[in-house]
Amino acid sequence: MRLLVVEDEIHLQTIIKKRLIKEHYSVDACGNGLEALDYLAVSPYDAIILDIMMPGLSGLDVLKRIRAEGNQVPVLFLTARDGIDDRVKGLDCGADDYLVKPFAFEELLARLRVMLRRTAGNSHTTDELTLADLTINMKSHQVARGGHAIELSGKEYAVLEYLMRNQGHVLSREQIEQHVWSFDYEGGSNMVDVYIRYLRRKIDEGFEQKLIHTVRGAGYVMRT
């Protein structure tokens with residue numbers, strides 16, 4: 001899943017980005033509202049972590065603009081202001097959640113998982129995604145098929161989670177690339193195909209029922 005972190009405190013921005021990458025998220029980061037709008041103009045994101053108090057263009061102004069454009073990406077506000085009026089103003093502007101600094105990183109991760117489940121139409125409380133006998137736990141990042149654990153690299157896991165969140169829907173190579181790789185990535189143009197091959201070896205090889213399917217001329221889909 002691809003996230004945008006907008007935080008003008010560079011030290012905090014760096015810490016958040018590193019921790020999210022460690023959790024297998026793809027992350028872009030910037031330090032002000034105008035930069036955030038530039039990022040959002042050229043790439044889709046699965047969620048935004050957005051500081052409210054920033055010089056130039058505040059987080060509230062950024063949110064108002066993207067909501068006015070019809071962009072319903074989930075937004076988690078970060079702020080040092082914990083007054084009720086501030087929380088209400090942020091939520092009324094269209095934020096999905098609100099976290100007061102300083103915060104525990106585990107709470108940030110939990111709130112992100114809830115937002116992403118809601119966006120995927122998965123309103124129940126479990127952190128597991130299941131298809132046939134394949135399960136992935138989005139909290140522990142454990143993957144198993146037929147009761148047997150499967151070891152995946154960070155990027156393999158990210159591709160699989162995105163496919164599983166959208167199971168039954170055909171995803172183009174461009175969609176997968178945009179949601180799994182950040183702007184920092186420097187790789188080959190066939191990287192999506194390469195990782196699909198890796199996943200097929202680990203997920204489908206040795207099983208009669210294949211779960212990763214190619215739709216010629218369109219992309220890939222997870223389905224039974």
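Hi everyone. Before anything else, one definition: when I say helix, I mean a DSSP run of H or I with at least four residues, and helices are numbered from the N terminus. With that in hand, let me start at Arg-113, which sits in helix H5. Please keep in mind throughout that this is a predicted model.

So, is Arg-113 buried or exposed? The cut-off for buried is under 20% relative accessible area. Arg-113 has 10% relative accessibility, so it counts as buried. Leaving out residues up to four places away in sequence, Arg-113 touches Tyr-25, Asp-127, Met-138 and Lys-139. Helix H5 itself covers residues 105-119.

Just ahead of that helix there is a detail to look for. In the loop between strand S5, residues 97-100, and helix H5 you will find Pro-102. The peptide bond from Lys-101 to Pro-102 is cis, and its omega is near -10 degrees.

Now for the empty spaces. How many cavities of 30 Å³ or more does the structure hold? There are two. Arg-113 belongs to the lining of the second largest cavity, along with Glu-23, Tyr-25, Leu-109, Met-138 and His-141. That cavity holds about 30 Å³ of space, and its lining is made of three nonpolar residues, one polar and two charged.

The largest cavity has a volume of about 50 Å³. Which residues line it? They are Met-1, Glu-23, His-24, Tyr-25, Met-138, His-141, Tyr-157, Ala-158 and Glu-161. By class, this lining has five nonpolar, two polar and two charged residues.

Let me pick two histidines out of that lining, starting with His-24. You will see it in the loop between helix H1, residues 10-22, and strand S2, residues 26-30. His-24 is not a glycine, yet it has a positive phi of about 75 degrees. Its relative accessibility is 26%, so His-24 counts as partly exposed.

The other one is His-141, in the loop between S7 and S8. Here too is a residue other than glycine with a positive phi, this time near 65 degrees.

His-141 takes us into the strands. S7, residues 134-137, runs antiparallel to S6, residues 128-131, and four bridges join them. One pair to find on your screen is Leu-129 with its bridge partner in S7, Ile-136. The two strands make a hairpin with two residues between them, and Ala-132 in the turn has a positive phi of about 55 degrees.

On we go from S7 to strand S8, residues 143-145: these pair in the antiparallel sense over three bridges. Here Leu-134 has Arg-145 as its bridge partner in S8. This hairpin has five residues between its strands, and His-141 lies in that turn.

A third hairpin comes later in the chain. Strand S10, residues 212-215, and strand S11, residues 219-222, run antiparallel and are joined by four bridges. His-213 stands opposite Val-221 in S11. Three residues lie between the strands, and Gly-217 has a positive phi near 80 degrees.

Next, the nonpolar interior. The largest nonpolar core has 50 residues, and Leu-20, Leu-160 and Ile-176 are the ones that touch the most other members. Which helix gives this core its largest share? That is helix H6, residues 154-165, with seven residues.

Leu-160 is worth a closer look. Setting aside residues up to four places away in sequence, it touches Leu-134, Ile-136, Val-143, Leu-152, Leu-199, Ile-203 and Met-222. You have already met Leu-134 and Ile-136 in the bridge pairs. There is also a second, separate core of 23 residues, and it includes Leu-50, Ile-52, Met-54 and Leu-63.

One last stop, at Gly-147. This residue is in the loop between S8 and strand S9, residues 148-150. With 71% relative accessibility, Gly-147 counts as exposed, because the cut-off for exposed is over 50%. How far apart are Gly-147 and Met-53? They are 94 residues apart in sequence, and 47 Å apart in space from C-alpha to C-alpha.

That's my tour. If you would like a place to begin on your own, try Arg-113 in helix H5, then move on to the cavity lining that includes it. Thanks for listening!

Key
Residues numbered from 1 in each chain as written. Predicted model: local features only at pLDDT ≥ 70, side-chain atom pairs only at ≥ 80, totals over all residues. Heavy atoms only, no water. Core = buried A, V, L, I, M, F, W, Y, C linked by side-chain atoms within 4.5 Å. Buried < 20%, exposed > 50% of the residue type's maximum accessible area, 1.4 Å probe, protein only. Contact = heavy atoms within 4.5 Å. Pairing = 2+ DSSP bridges. 1 Å grid on protein atoms, 1.4 Å probe; cavity = no way out; pocket = protein on both sides within 12 Å on 5 of 7 lines; lining within 4 Å. Points joined across faces, edges and corners; volume = space filled by probe spheres on them. Nonpolar A, V, L, I, M, F, W, Y, C, P; charged D, E, K, R; others polar.
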